[in-house]
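Labels such as buried or edge-to-face deserve a check against their cut-offs. Let us put a few to the test.

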Amino acid sequence: MDAKGIVGIIILIILLVYAWWRLFFKKEIIEHKTFPEDWKQYLSTKVLYYQELTSNDKDIFEQKILYFLDKIRIIGADTDVDDIDRLMVATSGVIPIFGFKHWFYHNLDEVLLYKGSFNKDYE
């Protein structure tokens, strides 16, 4: 293998390591914000997952919800979206990734809410 081939392989390895690091180890700093008290009450009565968290984990969970809402648009498709809808979408998005400290939906920009439900053909 000639020198150009070796340099190309080294550059490829560096790019792959960098991409892997960004995907798994890049830490996003979550600014601590005040979580609305009425949202806490709602989660405490409606979301079993939230109810079973420790107070420290509840604070982290709340911050992840706020971060989700800051980064991802939640819009209605021919329907209105209120704060509770947004809260529940964010909650549903945070629950599956909550155990992964620095993981987030990096490729998700928006969530569409529809008024009804889909049938088996997604109609």
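The questions below concern a predicted model.

Q: What is the pattern of helices and strands along the sequence?
A: The protein reads α-α-α-α-β-α-β. That is five helices and two strands.

Q: How do you know that the span of helix 4 agrees with its number of residues?
A: Helix 4 covers residues 55-71, 17 residues in all. At 1.5 Å a residue, the expected span is 24 Å. The end C-alpha atoms are 25 Å apart, so the two values agree.

Q: Why is Tyr 67 called buried?
A: Buried means under 20% relative accessible area. Tyr 67 has 10%, so the label applies. Tyr 67 is one of the buried residues of helix 4.

Q: What makes the aromatic pair of Tyr 67 and Phe 104 edge-to-face?
A: Two tests apply: centres within 6.5 Å and planes over 60 degrees apart. The centres of Tyr 67 and Phe 104 are 4.8 Å apart, with 75 degrees between the planes. The pair links distant parts of the chain, 37 residues apart. Phe 104 is in the loop between helix 5 and strand 2.

Q: Why is the pair of Trp 103 and Tyr 105 called edge-to-face?
A: The ring centres are 5.3 Å apart and the planes are at 80 degrees, so the pair is edge-to-face.

Q: Why is Trp 103 called partly exposed?
A: Partly exposed lies between 20% and 50%. Trp 103 has 37% relative accessibility, so it falls in that range. Tyr 105, at 22%, also counts as partly exposed.

Methods
Residues are numbered from 1 along each chain as its sequence is written. This is a predicted model: local features need pLDDT of at least 70, side-chain atom pairs count only at pLDDT 80 or more; totals for chains, interfaces and linings use all residues. Side-chain values use heavy atoms; hydrogens and water are left out. Helices (H or I, at least four residues) and strands (E, at least two) are DSSP runs, numbered from the N terminus. The expected span of a helix is 1.5 Å times one less than its number of residues. Buried means under 20% relative accessible area, exposed over 50%, partly exposed in between (1.4 Å probe, protein chains only). Rings of Phe, Tyr and Trp (its six-membered ring) pair if their centres lie within 6.5 Å; planes under 30 degrees apart count as stacked, over 60 as edge-to-face and the rest as tilted.
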